[in-house]
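Let's take a relaxed tour of a protein model, starting from one residue and working outwards. Have a look at the sequence and the picture first.

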There are 2 protein chains.
Amino acid sequence: MHQKLREHIEKIVPLTDDEFKFVSSHFTTKKFRKHQFLVQEGEPVKYHHFVVSGLLKLVYTDDNSREHIVSFAMEDWWESDFYAYYTQTKATMSLVCLEDTEVLCLSLEDYRKLCDGLQKMERFFLEKANFGFLGAQRRIISWLTSNVKERYEQLIRQYPALIQRVPKSLIAAYLGVSRETLSRLSP
Amino acid sequence: MHQKLREHIEKIVPLTDDEFKFVSSHFTTKKFRKHQFLVQEGEPVKYHHFVVSGLLKLVYTDDNSREHIVSFAMEDWWESDFYAYYTQTKATMSLVCLEDTEVLCLSLEDYRKLCDGLQKMERFFLEKANFGFLGAQRRIISWLTSNVKERYEQLIRQYPALIQRVPKSLIAAYLGVSRETLSRLSP
């Protein structure tokens, strides 16, 4: 499992064996079954998660108990309620398995230790954060400029593998429309 | 002007005088008049900009020549077409002054040199990138969960100073509605 993490990090920064041993020692492996929660709204958020295998949804539930999909996460993605993790406040979202899932967990303390101990890892996280911001900005632009049908088509183009694995009702909750509206748009 | 940058950076990482001298040497000062472009769609993007004074809009223009506001930027904010800057591709957005504006400019080469030369600056940019991501995620959540009226009220609460300085037609273009719709919602 840690080998996958190494390949993932080395796409951005090369590591010696000793450096990877140091990095690897900060992560713990966890396995979850479909429907299990990695983060629960209202609870503290212990970890940032690197997805080794499986599929997750990051969910915001509004005052009317309606579920909104903030994000999906699959292999090679990082996911958490990052605000709650980073500011050590309680989760306002939940992170839930859509499939059996294996993750590598990193506590905030270990995230800090990694950045302090190895500048390459600070570089790695900076690159991930910059591209995370750009992904979110792209979604905002798509929302400003496109109708639901166009946003759905963009999503299919951008993440074809994801669309195969996620139920239509959740795609609708990600796009901010009802299941019925999405059905009318489906090719 | 550089003193403002120092105060801004020191909210996240403390710097010695020598360190700040090193940091400061990577920035150049530029002044622009209202209506001038710092970034022009279709052109290369030379700089990331730290706003010392003034107000800017980051604009995406769609195929029907309709302007969408991706972001505003005022004092203490960083702004650019960051994707084009970071990947050294041509701008897909424009960055335009809404007021006379002073900025400190940082080229990508100097951004890399700063991060390589002083780990504290890599830490600083990592913090800014993480909070930039979280700001974008909050806007996405607001879009998923709230109607236009609620989004407008959230914007007023979050950036009261901004609302005073920006024409209503641009607030509408930021919220993704027409000027007429926004007028009906205004208190």
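## One serine and its neighbours

Leaving out residues up to four places away in sequence, S94(B) touches F37(B), V39(B), Q40(B), E41(B), K57(B), L58(B) and V59(B). Keep in mind that we're looking at a predicted model. You'll find S94(B) in strand β7 of chain B, which covers residues 94–97.

Is S94(B) buried or exposed? Its relative accessibility is 10%, so S94(B) counts as buried, since the cut-off for buried is under 20%. One of its neighbours deserves a second look: the side chain of S94(B) reaches the backbone nitrogen of E41(B) at 3.0 Å.

## Zooming out to chain A

Chain A is built with nine helices and eight strands. Its radius of gyration is 17 Å, close to the 16 Å that the globule rule gives for 187 residues, so chain A is as compact as a globular protein of that length. Measuring tape in hand, so to speak, the C-alpha trace of chain A spans about 55 × 30 × 30 Å along its principal axes.

How much of chain A is tucked away? Of its 187 residues, 52% count as buried. Chain A still exposes about 9000 Å², with carbon and sulfur atoms supplying 48% of that area.

## Two copies, one turn

Now for both chains together. A turn of 180° with a shift of 0.0 Å along the axis lays chain A on chain B, with an RMSD of 0.0 Å. That is the relation of a two-fold axis. The same surface serves both copies, as 100% of the contact residues of chain A recur in chain B. Of the residues of chain A, F133(A) comes closest to the rotation axis, its C-alpha being at 2.1 Å.

## Charged pairs

Side chains of opposite charge can pair when their charged atoms come close. Over all chains, the structure holds 28 salt bridges. One of them joins R165(A) and E75(A), with the closest N and O atoms 3.0 Å apart. This pair links distant parts of the chain, 90 residues apart: R165(A) is in helix α7, and E75(A) is in the loop between β5 and β6.

Other pairs cross over. R112(A) forms a salt bridge with E127(B) at 3.4 Å between the closest N and O atoms. R112(A) lies in helix α4 of chain A and E127(B) in helix α5 of chain B, so the pair joins two chains. E122(B) and R123(A) also form a salt bridge, at 2.4 Å between the closest N and O atoms, and both residues are buried.

Conventions: Residues numbered from 1 in each chain as written. Chains lettered and ligands numbered in written order. Predicted model: local features only at pLDDT ≥ 70, side-chain atom pairs only at ≥ 80, totals over all residues. Heavy atoms only, no water. Helix = DSSP H or I, 4+ residues; strand = E, 2+ residues; numbered from the N terminus. Buried < 20%, exposed > 50% of the residue type's maximum accessible area, 1.4 Å probe, protein only. Polar contact = N/O pair within 3.5 Å; in protein donor to acceptor, adjacent residues only side chain to side chain. Contact = heavy atoms within 4.5 Å. Least-squares fit on C-alpha atoms with pLDDT ≥ 70 in both. Rg over C-alpha atoms; globule rule 2.2 N^0.38 Å. Areas by Shrake-Rupley, 256 points an atom, 1.4 Å probe, with all protein chains shown as cover. Salt bridge = Lys/Arg side-chain N within 4 Å of Asp/Glu carboxyl O.
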